[in-house]
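Here are some notes to read alongside the structure, written for someone opening it for the first time. Take the points in order and keep the view open as you go.

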Amino acid sequence: MSRPKRILLWIMAAAYALAGFNHLANPAFYVAIIPPELPAPEWLNLVSGLAEIVLGVFLLEPRTRVFAAWGIIALLIAVFPANLYVVTQNLGPPDFAPGTGNAALNLARLPLQLLFVLWAWWYTRPD
């Protein structure tokens with residue numbers, strides 16, 4: 001694996017693991033952006049946070065790297081409704097009430113998701 005790819009792997013792994021821990025430490029932030037149509041937002045937050053931690057760690061092990069990368073892709077697809085909800089309702093901190101967000105920033109999140117999918121996909125490919 002090239003040096004830049006290895007560095008980006010460590011950055012990705014750390015980012016997902018830290019984001020997962022943040023789901024557990026600050027659940028209200030994430031629960032607030034889960035669309036109300038979805039059941040058990042606290043449970044969904046917990047599961048997605050734990051998945052991010054596990055997948056971040058699994059990225060670092062060569063034997064589980066491809067599995068973890070595909071898992072991250074699946075996770076990004078699974079959380080896409082929350083990103084759409086943030087955009088359509090224009091949610092923003094601190095209270096995540098509709099119309100309180102930065103519309104341009106919220107909209108920018110959507111193409112970033114595609115970038116994150118492509119970044120993870122890179123680690124499904126042979127070196």
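1. Let us begin with a crossing: α1 passes α6 in a left-handed manner. Please bear in mind throughout that this is a predicted model. The axes of these two helices, α1 and α6, come within 11 Å and cross at roughly 120°. That angle makes α1 oblique to α6, because angles over 145 degrees would be needed for roughly antiparallel and 65 to 115 for roughly perpendicular.

2. Which residues make this meeting of α1 and α6? From α1 come Lys 5, Leu 8, Ile 11, Met 12 and Tyr 16, and from α6 come Phe 116, Trp 119, Ala 120 and Trp 122. Sorted by character, the residues of this contact are 8 nonpolar, no polar and 1 charged.

3. Now look along α1 itself. The helix covers residues 3-25, which is 23 residues. From first C-alpha to last it reaches 33 Å, close to the 33 Å expected at 1.5 Å a residue.

4. Several positions in α1 are buried: Lys 5, Leu 9, Met 12, Ala 13, Tyr 16, Ala 17, Gly 20 and His 23. Among these, Lys 5, Met 12 and Tyr 16 are also in the contact with α6. The cover over the buried residues of α1 includes α2 (27-31), α3 (41-59), α4 (65-78) and α6 (103-122).

5. Next, please turn to α5, residues 80-89, and its packing on α6. How are these two helices, α5 and α6, oriented to each other? They pack at an angle of about 155°, with axes 8 Å apart, and are therefore roughly antiparallel. The crossing of α5 and α6 is left-handed.

6. On the α5 side, this contact uses Phe 80, Asn 83, Leu 84, Val 86 and Val 87. On the α6 side, Asn 106, Leu 107, Arg 109, Leu 110 and Gln 113 take part. Together the residues of the contact of α5 with α6 divide into 6 nonpolar, 3 polar and 1 charged.

7. Asn 106 deserves a closer look; this residue lies in helix α6. Is Asn 106 buried or exposed? Its relative accessible area is 7%, and because buried means under 20%, Asn 106 counts as buried. Leaving aside neighbours within four places in sequence, Asn 106 is in contact with Val 86, Val 87, Asn 90, Leu 91 and Gly 101.

8. One of those partners, Asn 90, sits in the loop between α5 and α6. Asn 90 is buried, with a relative accessible area of 18%. The phi of Asn 90 is near 50°, a positive value in a residue other than glycine.

9. Ala 40 also has a positive phi, of about 50°, although it is not a glycine. You will find Ala 40 in the loop between α2 and α3, partly exposed, with a relative accessible area of 39%.

10. Finally, visit Gly 99, found in the loop between α5 and α6. Gly 99 is exposed, with a relative accessible area of 55%. Not counting residues up to four places away in sequence, Gly 99 touches Gln 89 and Asn 90. How far apart are Gly 99 and Arg 6 in space? C-alpha to C-alpha, they are 40 Å apart, and 93 residues apart in sequence.

Key
Residues numbered from 1 in each chain as written. Predicted model: local features only at pLDDT ≥ 70, side-chain atom pairs only at ≥ 80, totals over all residues. Heavy atoms only, no water. Helix = DSSP H or I, 4+ residues; strand = E, 2+ residues; numbered from the N terminus. Expected span 1.5 Å × (residues − 1). Buried < 20%, exposed > 50% of the residue type's maximum accessible area, 1.4 Å probe, protein only. Contact = heavy atoms within 4.5 Å. Axes fitted to C-alpha atoms, helices over the stretch in contact; angles between N-to-C directions. Parallel < 35°, antiparallel > 145°, perpendicular 65-115°, else oblique. Left-handed = near helix turned anticlockwise from the far one by under 90°. Nonpolar A, V, L, I, M, F, W, Y, C, P; charged D, E, K, R; others polar.
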